[in-house]
Amino acid sequence: IYVMDVDGPHVTRLTDNPAVDRFPAWSPDGSTIAFSSDRDGSFEIYLLNVDGSNLRRLTDHEASDVEPVWLPDGSKIVFCSDRSVWPGNADIWIMNPDGTGLVNLTEDPSSFDCAPGTVPAPTGSAGKISFVSDRAESNLSIYTMDIDGSNVWRVTAEPADDLDSSWNSDGATLVFDSNRSGTWDIYTIEANGTNLRRLTTDEADEWNPAWKP
(Lines give C-alpha, C1' and ligand atoms only; values in the text may rest on other atoms or scores of the structure.)
Protein backbone atom coordinates (compact mmCIF):
# COMPACT_ATOMS: atom_id res chain seq x y z
CA ILE A 1 0.00 0.00 0.00
CA TYR A 2 1.34 3.42 -1.00
CA VAL A 3 0.04 6.97 -0.67
CA MET A 4 0.91 9.99 -2.78
CA ASP A 5 -0.24 13.51 -3.52
CA VAL A 6 -3.12 13.73 -6.01
CA ASP A 7 -0.80 15.15 -8.68
CA GLY A 8 1.68 12.30 -8.30
CA PRO A 9 4.67 13.39 -6.16
CA HIS A 10 5.63 12.44 -2.58
CA VAL A 11 5.02 8.71 -2.93
CA THR A 12 5.26 6.95 0.45
CA ARG A 13 5.26 3.20 0.99
CA LEU A 14 3.09 2.16 3.96
CA THR A 15 3.30 -1.65 3.88
CA ASP A 16 6.37 -3.76 3.22
CA ASN A 17 5.47 -7.43 3.16
CA PRO A 18 6.01 -10.17 0.53
CA ALA A 19 2.25 -10.88 0.62
CA VAL A 20 -0.39 -9.12 -1.50
CA ASP A 21 -1.87 -5.97 0.07
CA ARG A 22 -4.82 -4.56 -1.86
CA PHE A 23 -8.16 -2.69 -1.75
CA PRO A 24 -7.05 0.28 0.40
CA ALA A 25 -9.90 2.39 1.83
CA TRP A 26 -9.48 5.66 3.77
CA SER A 27 -11.44 6.11 6.96
CA PRO A 28 -13.76 9.15 6.81
CA ASP A 29 -11.54 11.12 9.19
CA GLY A 30 -8.46 10.40 7.06
CA SER A 31 -6.48 8.84 9.93
CA THR A 32 -6.70 5.16 9.06
CA ILE A 33 -6.59 2.88 6.02
CA ALA A 34 -8.40 -0.45 5.81
CA PHE A 35 -7.08 -3.00 3.33
CA SER A 36 -7.01 -6.71 2.48
CA SER A 37 -3.89 -8.88 2.73
CA ASP A 38 -3.04 -12.56 2.49
CA ARG A 39 0.03 -12.17 4.72
CA ASP A 40 -1.40 -14.66 7.23
CA GLY A 41 -2.49 -17.29 4.67
CA SER A 42 -5.91 -16.12 3.52
CA PHE A 43 -7.16 -12.64 2.62
CA GLU A 44 -8.15 -10.79 5.79
CA ILE A 45 -9.07 -7.19 6.61
CA TYR A 46 -6.41 -5.06 8.30
CA LEU A 47 -6.08 -1.48 9.52
CA LEU A 48 -3.06 0.76 9.74
CA ASN A 49 -2.45 4.41 10.43
CA VAL A 50 -1.76 6.68 7.47
CA ASP A 51 1.92 6.83 8.42
CA GLY A 52 2.15 3.01 8.21
CA SER A 53 2.15 2.44 11.98
CA ASN A 54 -0.15 0.45 14.26
CA LEU A 55 -1.01 -2.43 11.90
CA ARG A 56 -3.85 -4.56 13.27
CA ARG A 57 -5.79 -7.51 11.90
CA LEU A 58 -9.59 -7.32 12.07
CA THR A 59 -10.79 -10.63 10.62
CA ASP A 60 -9.55 -14.18 11.18
CA HIS A 61 -11.09 -16.77 8.88
CA GLU A 62 -9.87 -19.29 6.32
CA ALA A 63 -12.18 -17.66 3.76
CA SER A 64 -11.28 -14.53 1.76
CA ASP A 65 -12.32 -11.19 3.29
CA VAL A 66 -11.79 -8.40 0.73
CA GLU A 67 -12.92 -4.97 -0.54
CA PRO A 68 -13.40 -3.06 2.73
CA VAL A 69 -15.30 0.24 2.65
CA TRP A 70 -16.33 2.55 5.51
CA LEU A 71 -19.70 3.92 6.49
CA PRO A 72 -19.56 7.74 6.24
CA ASP A 73 -19.47 8.23 10.01
CA GLY A 74 -16.63 5.73 10.44
CA SER A 75 -18.70 3.51 12.72
CA LYS A 76 -18.62 0.38 10.54
CA ILE A 77 -16.59 -1.35 7.84
CA VAL A 78 -18.41 -3.19 5.06
CA PHE A 79 -16.63 -5.93 3.13
CA CYS A 80 -17.05 -8.95 0.84
CA SER A 81 -16.43 -12.50 2.07
CA ASP A 82 -16.90 -16.04 0.80
CA ARG A 83 -17.32 -17.46 4.29
CA SER A 84 -20.60 -19.37 4.81
CA VAL A 85 -21.44 -19.63 1.08
CA TRP A 86 -21.14 -22.17 -1.71
CA PRO A 87 -17.82 -22.23 -3.58
CA GLY A 88 -17.61 -19.35 -6.06
CA ASN A 89 -20.14 -17.18 -4.23
CA ALA A 90 -19.83 -14.38 -1.69
CA ASP A 91 -21.81 -12.21 0.72
CA ILE A 92 -21.65 -8.63 1.99
CA TRP A 93 -20.65 -8.38 5.67
CA ILE A 94 -20.43 -5.48 8.13
CA MET A 95 -18.42 -5.09 11.34
CA ASN A 96 -17.13 -2.59 13.85
CA PRO A 97 -13.72 -1.00 13.14
CA ASP A 98 -12.17 -3.25 15.80
CA GLY A 99 -13.41 -6.43 14.08
CA THR A 100 -16.27 -7.14 16.50
CA GLY A 101 -19.99 -7.27 15.69
CA LEU A 102 -19.75 -9.27 12.45
CA VAL A 103 -23.09 -9.42 10.59
CA ASN A 104 -23.89 -11.05 7.24
CA LEU A 105 -26.06 -8.52 5.39
CA THR A 106 -26.95 -10.45 2.24
CA GLU A 107 -26.86 -14.04 3.56
CA ASP A 108 -27.59 -15.72 0.23
CA PRO A 109 -25.39 -18.82 -0.22
CA SER A 110 -26.42 -19.28 -3.86
CA SER A 111 -25.49 -15.82 -5.17
CA PHE A 112 -22.33 -13.81 -5.68
CA ASP A 113 -22.70 -10.56 -3.70
CA CYS A 114 -19.56 -8.45 -3.65
CA ALA A 115 -17.97 -5.05 -4.49
CA PRO A 116 -19.70 -2.99 -1.76
CA GLY A 117 -19.89 0.78 -2.00
CA THR A 118 -20.99 3.35 0.59
CA VAL A 119 -22.06 6.99 0.39
CA PRO A 120 -18.97 9.08 1.19
CA ALA A 121 -20.76 11.83 3.12
CA PRO A 122 -23.35 11.83 5.95
CA THR A 123 -26.31 12.71 3.74
CA GLY A 124 -29.84 11.40 3.58
CA SER A 125 -28.58 8.33 1.71
CA ALA A 126 -25.76 7.61 4.18
CA GLY A 127 -27.61 4.50 5.34
CA LYS A 128 -27.31 2.84 1.93
CA ILE A 129 -24.86 0.28 0.56
CA SER A 130 -24.45 -0.59 -3.11
CA PHE A 131 -23.16 -3.96 -4.24
CA VAL A 132 -22.91 -6.28 -7.24
CA SER A 133 -24.94 -9.48 -7.43
CA ASP A 134 -25.95 -12.21 -9.85
CA ARG A 135 -28.98 -13.18 -7.74
CA ALA A 136 -31.57 -12.32 -10.41
CA GLU A 137 -29.81 -13.66 -13.51
CA SER A 138 -26.45 -15.09 -14.53
CA ASN A 139 -25.09 -11.60 -15.22
CA LEU A 140 -23.98 -9.13 -12.56
CA SER A 141 -26.18 -6.14 -11.70
CA ILE A 142 -25.94 -3.20 -9.32
CA TYR A 143 -28.11 -3.37 -6.18
CA THR A 144 -28.59 -1.18 -3.13
CA MET A 145 -29.75 -1.99 0.40
CA ASP A 146 -29.99 -0.40 3.81
CA ILE A 147 -27.05 -0.88 6.18
CA ASP A 148 -29.00 -3.55 8.06
CA GLY A 149 -29.46 -5.58 4.84
CA SER A 150 -33.11 -4.64 4.31
CA ASN A 151 -34.82 -2.97 1.35
CA VAL A 152 -32.72 -4.61 -1.37
CA TRP A 153 -33.27 -2.77 -4.65
CA ARG A 154 -32.05 -3.74 -8.12
CA VAL A 155 -30.73 -0.59 -9.79
CA THR A 156 -29.60 -2.02 -13.16
CA ALA A 157 -31.37 -4.78 -15.08
CA GLU A 158 -29.48 -5.05 -18.35
CA PRO A 159 -28.45 -8.50 -19.75
CA ALA A 160 -24.79 -7.54 -19.26
CA ASP A 161 -22.32 -7.28 -16.41
CA ASP A 162 -22.39 -4.08 -14.33
CA LEU A 163 -19.57 -3.67 -11.79
CA ASP A 164 -17.67 -1.35 -9.46
CA SER A 165 -20.37 1.02 -8.24
CA SER A 166 -19.37 4.27 -6.51
CA TRP A 167 -21.74 6.82 -4.92
CA ASN A 168 -21.55 10.56 -5.43
CA SER A 169 -21.35 12.71 -2.29
CA ASP A 170 -25.09 13.33 -1.95
CA GLY A 171 -26.02 9.67 -2.39
CA ALA A 172 -28.29 10.32 -5.36
CA THR A 173 -26.20 8.93 -8.22
CA LEU A 174 -24.01 5.89 -8.85
CA VAL A 175 -21.15 5.61 -11.31
CA PHE A 176 -20.21 2.12 -12.51
CA ASP A 177 -18.63 0.20 -15.37
CA SER A 178 -20.49 -2.10 -17.74
CA ASN A 179 -19.87 -4.25 -20.82
CA ARG A 180 -23.38 -3.63 -22.16
CA SER A 181 -21.96 -1.80 -25.21
CA GLY A 182 -19.53 -4.59 -26.13
CA THR A 183 -16.55 -3.03 -24.37
CA TRP A 184 -16.22 -1.87 -20.76
CA ASP A 185 -17.42 1.72 -20.43
CA ILE A 186 -18.30 4.09 -17.58
CA TYR A 187 -21.95 4.94 -16.87
CA THR A 188 -23.91 6.88 -14.28
CA ILE A 189 -27.42 6.15 -13.06
CA GLU A 190 -29.70 7.56 -10.40
CA ALA A 191 -30.00 5.32 -7.34
CA ASN A 192 -33.66 4.74 -8.19
CA GLY A 193 -32.66 3.20 -11.54
CA THR A 194 -33.50 6.18 -13.78
CA ASN A 195 -31.46 8.53 -15.98
CA LEU A 196 -28.81 6.12 -17.26
CA ARG A 197 -25.94 7.99 -18.97
CA ARG A 198 -22.95 6.59 -20.83
CA LEU A 199 -19.81 8.63 -20.15
CA THR A 200 -17.13 6.86 -22.23
CA THR A 201 -17.32 5.57 -25.79
CA ASP A 202 -13.73 4.56 -26.52
CA GLU A 203 -12.99 1.16 -28.07
CA ALA A 204 -10.67 0.44 -25.15
CA ASP A 205 -11.95 -0.73 -21.77
CA GLU A 206 -12.57 1.60 -18.81
CA TRP A 207 -13.01 0.27 -15.27
CA ASN A 208 -13.15 1.18 -11.60
CA PRO A 209 -14.68 4.68 -11.63
CA ALA A 210 -14.64 6.80 -8.47
CA TRP A 211 -16.08 10.20 -7.60
CA LYS A 212 -13.89 13.11 -6.62
CA PRO A 213 -14.82 14.10 -3.04
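Glu158 sits at 33% relative accessibility in this predicted model, so it counts as partly exposed. Its charged side chain has a partner: Glu158 forms a salt bridge with Arg180, and the closest N and O atoms are 4.0 Å apart. This pair ties together distant parts of the chain, with Glu158 in the loop between S14 and strand S15 (162–167) and Arg180 in the loop between strand S16 (173–178) and S17, 22 residues apart. Arg180 has a relative accessible area of 21%, so this residue is partly exposed too.

A look at the other charged pairs helps here. Side chains of opposite charge can pair when their charged atoms come close. In total, the structure holds 13 salt bridges. Another of these joins Arg154 to Glu137, with 3.4 Å from N to O. Again the link spans distant parts of the chain: Arg154 belongs to strand S14 (residues 153–154), while Glu137 is in the loop between strand S12 (128–133) and strand S13 (141–146), and the two are 17 residues apart. Arg154 counts as partly exposed because its relative accessibility is 23%. For Glu137 the value is 38%, so the label is partly exposed as well.

Then there is Asp60, whose salt bridge with Arg57 brings the closest N and O atoms to 2.9 Å apart. Asp60 is exposed, since its relative accessible area is 65%. Arg57, at 34%, is partly exposed. These two residues also belong to a bigger picture: Asp40, Glu44, Arg57 and Asp60 are joined into one network by salt bridges that share partners.

Not every charged residue is paired up like this. Asp91, in strand S9 (residues 91–95), is buried and has no salt bridge. The nearest side chain of opposite charge is that of Arg135, 5.8 Å away. Why does that leave Asp91 without a salt bridge? The distance to Arg135 is 5.8 Å, and a salt bridge needs the nitrogen and the carboxyl oxygen to be within 4 Å, so the pair does not qualify. Asp91 does have a polar contact, though: its side chain meets that of Thr106 at 2.9 Å. Leaving aside residues up to four places away in sequence, Asp91 touches a whole set of others, including Phe79, Cys80, Val85, Asn104 and Thr106. Acidic residues are also among the ones it touches, including Glu107, Asp108 and Asp113.

Glu190 is another buried acidic residue, found in strand S17 (residues 185–190). Its relative accessibility is 18%, and buried means under 20%, so Glu190 falls on the buried side of the cut-off. Apart from residues up to four places away in sequence, Glu190 touches Val155, Ala172, Thr173, Asn195 and Arg197.

Now for the surface. Tyr2, Met4 and Val11 make a nonpolar patch of about 350 Å². Val11 is in the loop between strand S1 (2–3) and strand S2 (12–13), and it is exposed, because its relative accessible area is 53%. His10 is in the loop between S1 and S2 too. His10 has a phi near 60°, which is a positive value in a residue other than glycine. With 62% relative accessibility, His10 counts as exposed. What is phi for Asn151? It is near 55°, once more a positive value in a residue other than glycine. Asn151 lies in the loop between S13 and S14 and is exposed, with a relative accessible area of 53%.

Terms used: Residues numbered from 1 in each chain as written. Predicted model: local features only at pLDDT ≥ 70, side-chain atom pairs only at ≥ 80, totals over all residues. Heavy atoms only, no water. Patch = residues over 30% accessible without salt bridge, like charges linked within 9 Å, V, L, I, M, F, W, Y side chains within 5 Å. Areas by Shrake-Rupley, 256 points an atom, 1.4 Å probe, with all protein chains shown as cover. Helix = DSSP H or I, 4+ residues; strand = E, 2+ residues; numbered from the N terminus. Buried < 20%, exposed > 50% of the residue type's maximum accessible area, 1.4 Å probe, protein only. Lys, Arg positive; Asp, Glu negative; His and termini not counted. Polar contact = N/O pair within 3.5 Å; in protein donor to acceptor, adjacent residues only side chain to side chain. Contact = heavy atoms within 4.5 Å.
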